[in-house]
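Dear colleague,

Please find below the structure I promised to hand over, with the sequence alongside. My notes on what was found follow directly after it.

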Amino acid sequence: MRRWQGDGIYFGGDYNPEQWPERTWSEDVELMRRAGVNLVSVGIFSWALLEPTPGRFEFDWLDRVLDLLHGGGIQVDLATATASPPPWLARAHPETLPRRADGAILWPGGRQAYCPSSPVFRERSLDLVRAVAGRYAEHPAVVMWHVSNELGCHNVHCYCDVSAEAFRDWLRERYGDLDRLNDAWGTAFWSQRYGDWAEINPPRTAPTFANPTQQLDFLRFSSDEQRAQLRAERKLLKTLVSQPVTTNFMIGTGIKHMDYYSWAGDVDLVSNDHYLTAADPQAHLGLALSADHTRGVAGGDPWLLMEHSTSAVNWQPRNVAKLPGQLRRNSLAHVARGADGVLFFQWRAARAGAEKFHSALVPHAGADTKVFREVCQLGADLKALAEVRGSRVDADVAILFDWEAWWGVELDSHPSVDVRYADRLTALYGALWRAGVTADIVHPSADLTGYRLVLAPTLYLVRDADADALRRFVEAGGTAAVTYFSGIVDSDDHIRLGGYPGAFRELLGIHTEEFFPLREGEQVRLDDGSTADVWTEWLHTDGAEVLASYTDGPLPGVPALTRHPVGAGTAWYVGTRLDEPATDRLVARLLDEAGVAPAAQAPTGVEVVRRRDGERTWLFVINHTEAEVRLSATGTDLLTGARCAGVLTVPAGEVAVIREDPATDSA
C-alpha cells in the first residue's frame, strides 16, 4: 500500500476531456492549477473513442491530453477504458449482452451492457488494455492505473447461457462432485436432486422460492466473476507497467453484491466511491461508516476516495444540493477516517448525457460559483494537511461485517422481511459515532488482537473458525456483543441445530427455542424502560445474566438482553431490535465495560477522530452542528495555523485538524 504514497494528499477527480472541444482543455488545466488539483482520472469511458472499430485504435487525442496535463503538473490515474463496451461489440457479438433472471436482454444505451462471464468481452477488453498500457506505460503523467470502473454496479448478475456454463464450472471447482453439491444445496427437498452438471442453471425466475443455497452460491459466483475481470486486467497490466493498480470499490450500505474483502488483495491500493443519501439529514453518519469500512477492507492502511460529489447527484429521486460548507466537511471527514486522497466525479459538469445534472468541481455556471470557490478552499486545506498522509486511524472497537452474511440474511422465506442486514450495523455504528468513538469495520476472520470491544450485528451466516475467533477474543479479556439472528447457519446456509443462536450459544450462555417476530408496527417494552420492535425470541439462559426482559408482547418475562462472563471477558446478547435511545444506552454500557474512551469529549453532532503515525497524532474535529463548540485539545490547527492551549473552539459547520502536542495524544 505504501508504494503510492508521495508528498501530499491527492486531490482531483474524473476528467473527461473527450466530451468537450479541445479549446476547453487548456482552460481546464489552468483551473485545475488554481484549485490545487494534482490527480485526475482519465479515459474511464473512452473505449468507443479509443477503438472506434474493431482492432483500430486512435490515441492522438489522448496523447495531447496527457501531454497537456503533464505540462501543467497534473498527475494521471489512467483507466483501462474497459468500463463499458462500444456499440459495435454488441452488434458483432449479441451473445455478450447480459440477461435478467426472467430472460430479458439488457441492451446497449446505458453502460456496462455486457455479460461478465463472456469470453468474447474478456478477450476484447484485454486487447484494449494491452494497447492502452503498451502506449502509456512510460508516460510521465501516469502515476496509477485504474481498472474498469465500479465493476458490477449494473451488471453483477447475468443469467444467460454463457453465465450458466460459467456457473457450472465455478460449482465444479467449489464442490468437486455432484454428491457434495446435492448435500450442500439440500436437494432432497422438493425433488431437486441433480444427476448431471448440465441440469444446473442460475436461479432464474421460478414458480416459487428458489433453492436458498443455489441463490447464495450464485451470489458468490457473481462476485467472483466481477473479480475475475479485475484480476485478468491487473495480471496483464503487471506485465506492461510499473505503476500501482487500483479499481474503485463501492463500499457502503446500498450496493451489496461484491465481496470486497476478497478483492482487496487484487489491488495495490484500495479506492472507494461514496455518495450521500440526499434525503437523509444524518447522511454524514453513512459517510463515516463507509469510510471506516473502506479502511477495514484496506487492512487499516490509508486508502483513496476515488469519487464523491461536490453537491447534488443526478440519480436519486430528489437530488438535494449541498449547503455551504458541506463539501468541505464531507471531504475532510473521509480524510479523518483514513483517506489519503479526495477525488470527485467529475471535473467539469457534463452538458449532455444521463449525468448532465450531476454536480462537478466546475459547475455549468463556471468558476465564479459557490461550488468552485469551495473546491479551491478544499485544495488549500488538503495541501495544508500533507503531513497527515500515510498515518493510520486509532480505533479500539471493531464491527464484524461479512458480505456473505448480508446475502444470506436477505434471502427469501425467512422469519421476517423486516430483518435487514444493514439495520443493526447502522444502529450500532450510529451509537458509536454519537459517543465519539471510531470503529474499524472488519471481516469476522480478521485479527481481533488490540481491540477492546467487538460488535457482531446480524451475523446470520458464520463459519466455525470465525465463531471460535470471537470466543478467543472474549476469553482473552475482550467485550463482545452479538445481536439477534446471528450464528444461525453455516456457510452452506444450513441451520445449526440444537437451538439458536447456533454458533454463539456457548459463548453467550443462552439458547433460543423459537423466534417470535413481531407484526408490522408492533412494539414491545422491556423492564429497563427500553422500547423495541421487529423481533423477539423465546430465550433461555445457560449461565448468562439477565439484564432486561419483556414486560409485554408475545413473551412477557422472557429475557431480551443478557451478559455472560467468559474467561477474562464478557459476551452480551441483544435479542430484540432496540430503539435508538436504548441502543445508545447499551453502547455506552459496552464502552464503559470495555474501557473505551472517545478521541476527545465533544458535544453530540461533533465528529472527532484521531490519526496516528508513530508518536505523532492529529485530531480531526468536524462540527456538524449549528452552534460553536469547545473541547479540550493542545496543539496547532493545520488549517489555520493557530495554536490552541487546552481549549479548542470550532465554529458552527467548521473543521479543525490539530497536530497534537505529544503530552495530549491520549486525551
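Tyr 460 counts as buried in this predicted model, because its relative accessibility is 4%, which falls under the 20% limit for a buried residue. Its place is in the loop between strand 13 (453-456) and helix 15 (464-475). Leaving aside neighbours within four places in sequence, Tyr 460 is in contact with a set of residues that includes Ala 405, Gly 408, Val 409 and His 414, and also Phe 485, Ser 486, Gly 487, Ile 488, Val 489 and Asp 493. Glu 22, by contrast, lies 438 residues from Tyr 460 along the chain, and the C-alpha atoms of the two are separated by 54 Å.

The loop that holds Tyr 460 also holds Arg 463, which is joined to Asp 402 in the loop between strand 11 (397-400) and helix 13 (403-409), so that the pair links distant parts of the chain, 61 residues apart. The contact between Arg 463 and Asp 402 is a salt bridge, with the closest N and O atoms 3.0 Å apart. Asp 402 is buried, at a relative accessible area of 1%, whereas Arg 463 is partly exposed at 26%. Both residues belong to a network of salt bridges that also takes in Arg 174, Asp 217, Arg 220, Glu 404 and Asp 466.

Two further salt bridges may be of use to you, out of a count that comes to 54. The side chains of Arg 420 and Glu 410 meet at 3.1 Å, N to O, and both residues are in the loop between helix 13 and helix 14 (421-434), ten residues apart. Arg 420 is partly exposed, with a relative accessible area of 40%, while Glu 410 is buried, with 18%. Glu 475 and Arg 471 form the other salt bridge, again with the closest N and O atoms 3.1 Å apart; because they are four residues apart in helix 15, about one helical turn separates them. Here both partners are partly exposed, Glu 475 at 35% relative accessibility and Arg 471 at 30%.

Turning to the nonpolar interior, the largest core has 176 residues, and those touching the most other members are Leu 69, Leu 78, Trp 145, Leu 385 and Leu 470. Helix 5 (residues 119-136) gives the most to this core, with nine residues. A second, separate core of 15 residues includes Leu 171, Trp 197, Ile 200 and Phe 218. Beyond its neighbours within four places in sequence, Trp 145 is in contact with residues among them Leu 78, Val 132, Tyr 136, Leu 237 and Pro 244.

His 334, in helix 11 (residues 326-336), is likewise buried, with a relative accessible area of 1%. Its contacts, again without the neighbours within four places in sequence, include His 274, Trp 303 and His 308.

On the surface, Phe 189, Trp 190 and Phe 209 make a nonpolar patch of about 370 Å². Trp 190 sits in the loop between helix 7 (178-185) and helix 8 (212-238) and counts as partly exposed, at 48% relative accessibility.

Lastly, three strands form an open sheet in the order 16-17-22, with antiparallel pairing. Strand 16 (523-525) and strand 22 (577-578) are the edge strands, each pairing on one side only. Strand 17 (residues 531-533) pairs with strand 22 over two bridges, and Ala 532 has Leu 578 as its bridge partner in strand 22.

With best wishes

Conventions: Residues are numbered from 1 along each chain as its sequence is written. This is a predicted model: local features need pLDDT of at least 70, side-chain atom pairs count only at pLDDT 80 or more; totals for chains, interfaces and linings use all residues. Side-chain values use heavy atoms; hydrogens and water are left out. Patches are made of residues with over 30% relative accessible area and no salt bridge: like charges are joined within 9 Å, nonpolar side chains (Val, Leu, Ile, Met, Phe, Trp, Tyr) within 5 Å. Accessible areas come from the Shrake-Rupley method with a 1.4 Å probe; for residues, only the protein chains shown count as cover. A salt bridge is a side-chain nitrogen of Lys or Arg within 4 Å of a carboxyl oxygen of Asp or Glu. Buried means under 20% relative accessible area, exposed over 50%, partly exposed in between (1.4 Å probe, protein chains only). A nonpolar core is a set of buried Ala, Val, Leu, Ile, Met, Phe, Trp, Tyr and Cys residues joined through side-chain atoms within 4.5 Å. Contact means heavy atoms within 4.5 Å. Two strands pair if DSSP finds at least two bridges between them.
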